Every structure is written in C-alpha cells, then in structure tokens.
Amino acid sequence: MTPVSSHAPHGQSPLRTVQVLGGGNAGSSAHVRSLAAGLVARGVKVTVCAPDEAECTYDFTGAGADHVHVPRSSDPVSVAALRAVCADADIVHAHGLHASFRAALALGGRRVRTPLVVTLHEPVHAEGARAALLRVLERRVMKAATVVLGATSELVDEARRTGAQDARLGPVALPTRTGGPAGPEDPDGPRTKLRAELGAVDRPLLVAVGSLERHRAYDVLLDAAHTWRRLDPAPLVVVAGEGSLRGELQARIEAEELPVALVGSRDDVPELLAAADLALLPGRGETGRSVLVQEALHARVPLVAAGADGIPELVGDAAELVPPGDAGALADAVVRLLGDAGRQDELRDRGLRQAAAWPTEDETVAQVLSVYDELTQPTPLL
C-alpha cells in the first residue's frame, strides 16, 4: 500500500480512514459525525465503526461515511470484525479509551503497520479494581498509538505520563446547532412552554446534564440544594441523564424534600439549557471539552462549574468556578448569581467571547487532516 495525500491528486486513490467509536459518549459521537462530514467534503473515504444505536442517533451515513456495526466489546468476534474493516485503511482513528484498545487489538500483529491516531475526549473515571484495569488499558493504548490527540492540555500531559510517544493538543469543536442564542422572552415561545412543562414558571430553573455516576458529584449538588430550598422562590434543579445512581439520588431527593427533578436522558439538551437561568456542572466535566459547558456558553446561559479537569482552560473567565467537592461554595455561588442580574449579563457576554475563541469545526477537521497527511507521507530513502 502506497501512502497518498488526503487531497488525492489526479490519478491517485483518496485517503481511506476508519473511525472507531465506542458509542457511549455524546461528545465523542458528535465529534466523529462532524469529523466524518468534514473529511468526506475534502475527498477522504470514511468508514465509521460504531454500534448501530450510534448510527441511528448520529447518522454517519448521512454525513457521507460508510457505517459498519461493531459492538462495544473487545471479544474476539468484535475485534475480528474491526480487523477486517481496517485491512485497507490508510489511517485508523479511534475515539476514547475502550475504542482505542479495540483498535490496537485489531491492528496488532499485522505485517504492514497502519498508523493509529487516538483522540482522548475525557479523563478516566473509575475506582478500585476497575481503575487498575483501565490504567493497564491506557498504557497499552499509549504504546500502540502513533499520535495521541488530547482534547485538553491536561489530557495531553496524562497521555505523555502514560507513555504516549507523540501526544498533541487536539481541541474538539462543538458541532453547529441550528438556531441561535435565546432572544427576548416570548409568552408563547418554546422556552416558556418547556419551563412550564418542567414546573419552573415562577421560579428560577437550574439545569445540570450528565450521566448519574459517581464522578458527576451529584451528591454535592444535592447537598447544595439544601441551601437553595430556603430561597423564596426556591429554584428548581433539573438533572438530565441516566445512570447507576438514579435510585440512590431519587431516594435522597424524596427523603430530604429537595427541589430537584431527575428527568432522565433527553434529546433536547440545547433547548433545556436555553430555558435555564443557570447551568450547573458540580463534578468533573462530561468530556475533556464538556458539551454542557460549550452548549451553555453558546446559549448565553451563566454557568457555575467545579474547576476540575479541563474546565478552567475551556471557560477562562466566562463562568463562576468553585472548588470540586465543595457543596457550600457551589451553593453560595448560585445564590450570589441568582441575586445579581448584572453579573449574569457579564457572564453571558464573556461566554460568547470565549466561545468565539474556540476552534471551529473546519479548523478541527483541518488539524486532523494535517496529522493524517503527516502520517501517510512516504518515508524518504536515506
């Protein structure tokens, strides 16, 4: 196989890339959809290996890519299926730790070494024996990867510490949404209707989004809600997401009579955020470049977030940051912000300026394409 430029000069075959996706992360799935569309538009042949449910949600074929169903599993059958798809690829690009591990297994032992690009979207969150296993997977992936792209500087540093031979910053752009920031309140508009549906007509609406898992620190959010319960009117806290802690969190909400509603997974998160008075990120980000954070700033919704992972780098001075795990600081920041309309307006303006400085989808695709070109150029003879 002779490497060719992704720009495919006349008479040469287009670059062939396989994008490997686990399908369990909204940020990485949306990124692959955006990346596939941009690469196809530039003449690259793209195949996305992902579970069927990811294809149903993100429509990779609608972006011009081929889709091959590969389950989220590292069993021999799944790895063999992935190996077959990657056989003719010029570049394999895996997203997330588990997808990258499967890609490394699929490419292992081949006579011709196909470059493996890995994008890390989020830190590893686990405890006990599972954490130890994930560290082993990390080291295996870092050793196998030709280039590692980290969505934040923190992820790049961690990749280098774990053994990556070439780790670079590769910010992930938020895919373009239809519509713009919320305008003036319309009594009959969708924002008002959504707030009425949620039960927040005459009270502030606070929104958090993310899986109901330990690293999201929703226990901290519920602790803070004790303070907000004493406000008049008490704000309604809406948490969109599902996970293993639903039963535990719901039991606390009911036993402590907290003004918190768990509304499950939603397919209208941008609209939900646009309806909110404040967005909350009490724990670690949804991803290294949290989709919640990016959606909130684009929608001009003031954000209160724990200063963990890559969040400070992402938001700059465009959010109220509090120490991770500090329920008192979270509660106080929300109370202050709800009572200070001027500060809310300031954060809205700063949020738009910060969002304007983030990389666009075109810039993200161009950076990835430059990495592909670098890795597929013929090696000069000495």
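Two strands pair if DSSP finds at least two bridges between them. Helices (H or I, at least four residues) and strands (E, at least two) are DSSP runs, numbered from the N terminus.

The model is predicted: local features need pLDDT of at least 70, side-chain atom pairs count only at pLDDT 80 or more, and totals for chains, interfaces and linings use all residues. Residues are numbered from 1 along each chain as its sequence is written, and side-chain values use heavy atoms, with hydrogens and water left out.

**Exercise 1. Trace the open sheet of six strands and find its edge strands.**

Step 1. Read the order: 10-9-8-11-12-13, with parallel pairing.
Step 2. Go to the edges. Strand 10 (260-264) and strand 13 (320-322) each pair on one side only.
Step 3. Add the twist. Neighbouring strands are turned by 20 degrees against each other on average, direction ignored. Such angles run from 0 to 180 degrees between N-to-C directions, and axes are lines fitted to C-alpha atoms, for helices over the stretch in contact.
Step 4. Check one pair. Strand 12 (residues 303-306) joins strand 13 in the parallel sense over three bridges. Ala-306 has Val-322 in strand 13 as its bridge partner.
Step 5. Look for a helix on the sheet. Helix 11 (residues 291-298) touches strand 8 (205-209), strand 11 (278-281) and strand 12. Contact means heavy atoms within 4.5 Å. The direction of helix 11 makes about 165 degrees with that of strand 11.

**Exercise 2. Do the same for the open sheet of seven strands.**

Step 1. The order is 3-2-1-4-5-6-7, again with parallel pairing.
Step 2. Strand 3 (66-69) and strand 7 (167-169) stand at the edges. Each has a single partner strand, so one side of each is left without a neighbour in the sheet.
Step 3. The twist averages 20 degrees from one strand to the next.
Step 4. Place a helix. Helix 1 (residues 26-41) lies across strand 1 (16-21), strand 2 (45-50) and strand 4, and runs at about 170 degrees to strand 1.

**Exercise 3. Describe the surroundings of strand 4 (residues 91-95).**

Step 1. Take one partner. Strand 1 pairs with strand 4 in the parallel sense over five bridges. Val-20 stands opposite Ala-94.
Step 2. Take another. Strand 5 (residues 116-120) pairs with strand 4 in the parallel sense over four bridges. His-95 has Thr-119 as its bridge partner in strand 5.
Step 3. Split the faces. In a regular strand the side chains alternate between the two faces of the sheet. Ile-91, His-93 and His-95 lie on one side, Val-92 and Ala-94 on the other, and all are buried.
Step 4. Apply the cut-offs. Buried means under 20% relative accessible area, exposed over 50%, partly exposed in between (1.4 Å probe, protein chains only).
Step 5. Conclude. Five of the five residues of strand 4 are buried, so strand 4 is largely enclosed by the rest of the structure.

**Exercise 4. Which residues of helix 3 (residues 76-86) and helix 4 (residues 97-107) meet, and at what angle do the axes cross?**

Step 1. The axes come within 8 Å and cross at roughly 70 degrees.
Step 2. Val-79, Leu-82, Arg-83 and Cys-86 in helix 3 meet Arg-102, Ala-103, Leu-105, Ala-106 and Leu-107 in helix 4.

**Exercise 5. Is Arg-348 buried or exposed?**

Step 1. Locate Arg-348: helix 14 (residues 341-357).
Step 2. Arg-348 has 18% relative accessibility, so this residue counts as buried.
Step 3. Leaving aside neighbours within four places in sequence, Arg-348 is in contact with Arg-300 and Pro-302.
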